[in-house]
Amino acid sequence: MTAASIRLHPEDSVAIALQDIEMGTILPDHGLKLVTAVKRGHKFALTDFAAGDKLLRYGQIIGQALEPIAAGAHVHTHNLGMGEHTREYAIAQANSPLPMLDHTRTFDGYHRVDGKVGTRNYLGVLTTVNCSATVAKLVAEAAARDPRFQGLQNIDGIVPIVHGTGCAMDLKGEGYQLLFRTLQGYAQHANFGGILLIGLGCEAMQVPALVGAGRLRQDNNFRYMTIQQEGGTRRTIEAALRELREMATIANTVTRKPAPLKHIVVGLQCGGSDGYSGITANPALGAASDLLVQHGGTTILSETPEIYGAEHLLTRRAATPEIAEAMIARIKWWEGYTARNGGEMDNNPSPGNKRGGLTTILEKSLGAVAKGGTAPLVGFYEYAQPITTPGFTYMDSPGYDPASVTGQIASGANLIAFTTGRGSVSGFKPAPGLKLATNTEMYTHMAEDMDINCGDIITAGVSIADKGREIFEALVAVASGKQTKSEELGFGGAEFVPWQIGAVM
């Protein structure tokens with residue numbers, strides 16, 4: 001029978017309810033009686049607190065009592081706040097490499113001439129600006145109806161990569177540079193067997209600027225055009241289809257072949273987190289991350305607002321002081337960025353997060369960091385910057401999932417692992433996404449969308465290590481072509497969301 005609650009660390013001053021518990025229930029394990037009802041995934045106090053006292057979960061501070069809290073009382077937003085908090089960064093003091101495992105292990109992927117290996121083989125119709133978005137979608141729809149694109153067994157599909165920006169922006173600003181890097185990253189991505197770039201012609205993000213910045217694809221399966229130059233919508237669609245037919249012929253010659261696991265790059269994500277996230281799915285994904293790193297692969301942790309207050313756990317694991325200092329500097333940038341825009345870092349937990357039992361950003365971040373396992377942090381990268389160092393890495397991004405995943409894919413992620421407690425129905429072409437449920441109830445309720453149930457860590461006593469191995473093997477299978485639930489449902493064509501910074505002019 002499942003225990004009613006769990007204390008995650010010997011020093012914790014709160015416990016987590018694993019089922020709805022009524023007021024007056026006696027909990028012998030904690031030697032107390034609940035003085036309020038507590039919902040599944042929520043916290044209750046293990047001792048009395050005065051206003052201003054610090055409360056601990058995971059052995060770390062998650063906030064300060066806003067008022068006196070009695071032992072056995074529900075602890076949540078009504079009586080727990082951020083308060084003052086400091087972190088001891090202990091830079092690069094816990095960065096011992098993990099033992100290497102079998103580097104002869106392989107998956108079946110698409111080998112590219114630049115040395116990368118894709119887990120999928122799409123053709124992409126990439127847009128420079130929102131003004132060419134509809135035409136790109138019409139091109140992809142026309143290709144789907146064209147019998148000349150049928151029967152190409154080695155091509156996974158034709159994907160329009162459209163977005164809501166690309167003009168009315170400062171050409172020297174940070175927002176322009178972010179979009180520039182993002183578009184370049186997608187154009188060069190290993191999961192694309194070819195890219196057709198379509199612009200309007202007069203936008204800020206000019207096609208010649210992107211093309212002239214360097215050879216975007218070494219396989220020469222790259223074409224570009226503008227709607228204004230082609231003569232309008234219909235002529236652009238006709239020209240695009242001609243180009244895509246040639247590109248499809250080239251891309252279809254590439255077949256899956258064995259490749260070492262060092263070519264797998266996984267973006268680590270969480271969305272719709274709940275009180276179970278830091279207990280089940282996130283640490284299990286962390287175990288899978290460690291296994292992939294031990295096999296020579298790469299994982300990318302992101303969502304900087306969602307590591308806030310827990311970044312000291314990462315700076316300790318930095319391979320060099322410079323990596324840790326880059327992370328700390330970016331944390332300070334985020335504090336200034338949110339302040340300039342009238343926000344604060346504790347605004348991050350969403351209403352859904354709070355309904356699931358999370359209270360402060362400190363609590364949410366401590367659970368989110370668990371996705372990164374225990375491996376040393378070998379690189380800190382800016383948004384959409386190419387990942388060049390194998391191992392456990394970090395890429396700066398917002399906590400907004402579509403924007404964060406877009407940056408990870410632009411940086412080179414060819415798989416996404418996405419933990420969720422409230423439920424998620426997203427996918428991210430060209431990178432297949434594996435969704436991990438934090439609790440059995442949601443997994444059962446949304447079974448058509450969830451790939452792996454991590455709730456059985458609680459309900460069936462499955463170990464974190466065993467669940468990590470299950471996730472690791474699932475990632476290898478998906479890298480070799482097994483479809484995820486999101487792919488089966490057709491997700492991934494609308495989730496390209498580059499991070500927008502700066503004034504719209």
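**Why it's called that: cores, crossings and odd backbones**

Me: Where does threonine 406 sit?
Reply: Threonine 406 is in helix H11, which covers residues 401–411. Keep in mind that this is a predicted model.

Me: What makes threonine 406 count as buried?
Reply: The cut-off for buried is under 20% relative accessible area. Threonine 406 comes out at 0%, so it counts as buried.

Me: Which residues does threonine 406 touch, leaving out those up to four places away in sequence?
Reply: Thr182, Tyr186, Tyr383, Glu495, Phe496, Val497 and Pro498.

Me: And alanine 479, why is that one called buried?
Reply: By the same reasoning: its relative accessibility is 0%, and buried means under 20%. Alanine 479 is in helix H14. Not counting residues up to four places away in sequence, it touches Phe107, Asp108, Thr119, Arg120, Arg256, Ile264 and Leu415.

Me: How do you know that alanine 479 and phenylalanine 107 come together in space?
Reply: They are 372 residues apart along the chain, yet their C-alpha atoms are separated by 6.6 Å. The two residues are also in contact, and contact takes heavy atoms within 4.5 Å.

Me: Staying with H14, why is H6 called oblique to H14?
Reply: Helix H6 (residues 281–294) and helix H14 (residues 464–479) pack at about 60°, their axes 7 Å apart. Under 35 degrees would be roughly parallel, and roughly perpendicular begins at 65. The angle falls between those limits, so H6 is oblique to H14. The crossing is right-handed.

Me: What makes up the contact of H6 with H14?
Reply: By class there are 10 nonpolar, 1 polar and 2 charged residues. On the H6 side you'll find Pro283, Ala284, Leu285, Ala287, Ala288, Leu291 and Leu292. They meet Ile464, Lys467, Gly468, Arg469, Ile471 and Phe472 in H14. Gly468 is the polar one, because Gly is put in the polar class.

Me: Why are H1 and H5 called oblique?
Reply: The axes of helix H1 (residues 133–145) and helix H5 (residues 233–251) cross at roughly 50° and come within 9 Å. Set against the limits of 35 and 65 degrees, that makes them oblique to each other. H1 also passes H5 in a right-handed crossing. Val135, Leu138, Val139, Ala142 and Ala143 in H1 meet Thr233, Thr236, Ile237, Ala240, Leu241 and Leu244 in H5. The classes here are 9 nonpolar, 2 polar and no charged.

Me: Which residues touch the most other members of the largest nonpolar core?
Reply: Leu55 and Ile471, in a core of 104 residues. A second, separate core of 25 residues includes Val162, Ile198, Leu200 and Leu244. In soluble globular proteins, nonpolar side chains tend to be buried together.

Me: What does leucine 55 contact, leaving aside neighbours within four places in sequence?
Reply: Its partners include Ser13, Val14, Phe49, Ile61, Ile62, Ala65, Ile69, Val75 and Leu80.

Me: Now the backbone. What makes alanine 92 and asparagine 220 worth a look?
Reply: Most residues other than glycine have a negative phi. Alanine 92, in the loop between strands E9 and E10, has a positive phi of about 55°. Asparagine 220, in the loop between helix H3 and strand E15, has a positive phi of about 65°.

Me: Which peptide bond is cis, with omega about 15°?
Reply: The one joining lysine 429 and proline 430. Proline 430 lies in the loop between strand E21 (415–420) and strand E22 (433–437).

Notes:
Residues are numbered from 1 along each chain as its sequence is written. This is a predicted model: local features need pLDDT of at least 70, side-chain atom pairs count only at pLDDT 80 or more; totals for chains, interfaces and linings use all residues. Side-chain values use heavy atoms; hydrogens and water are left out. A nonpolar core is a set of buried Ala, Val, Leu, Ile, Met, Phe, Trp, Tyr and Cys residues joined through side-chain atoms within 4.5 Å. Buried means under 20% relative accessible area, exposed over 50%, partly exposed in between (1.4 Å probe, protein chains only). Axes are lines fitted to C-alpha atoms, for helices over the stretch in contact, and angles run from 0 to 180 degrees between N-to-C directions. Helices (H or I, at least four residues) and strands (E, at least two) are DSSP runs, numbered from the N terminus. Angles under 35 degrees count as roughly parallel, over 145 as roughly antiparallel, 65 to 115 as roughly perpendicular and the rest as oblique. A crossing is left-handed if the near helix is turned anticlockwise from the far one by less than a right angle, and right-handed if clockwise.
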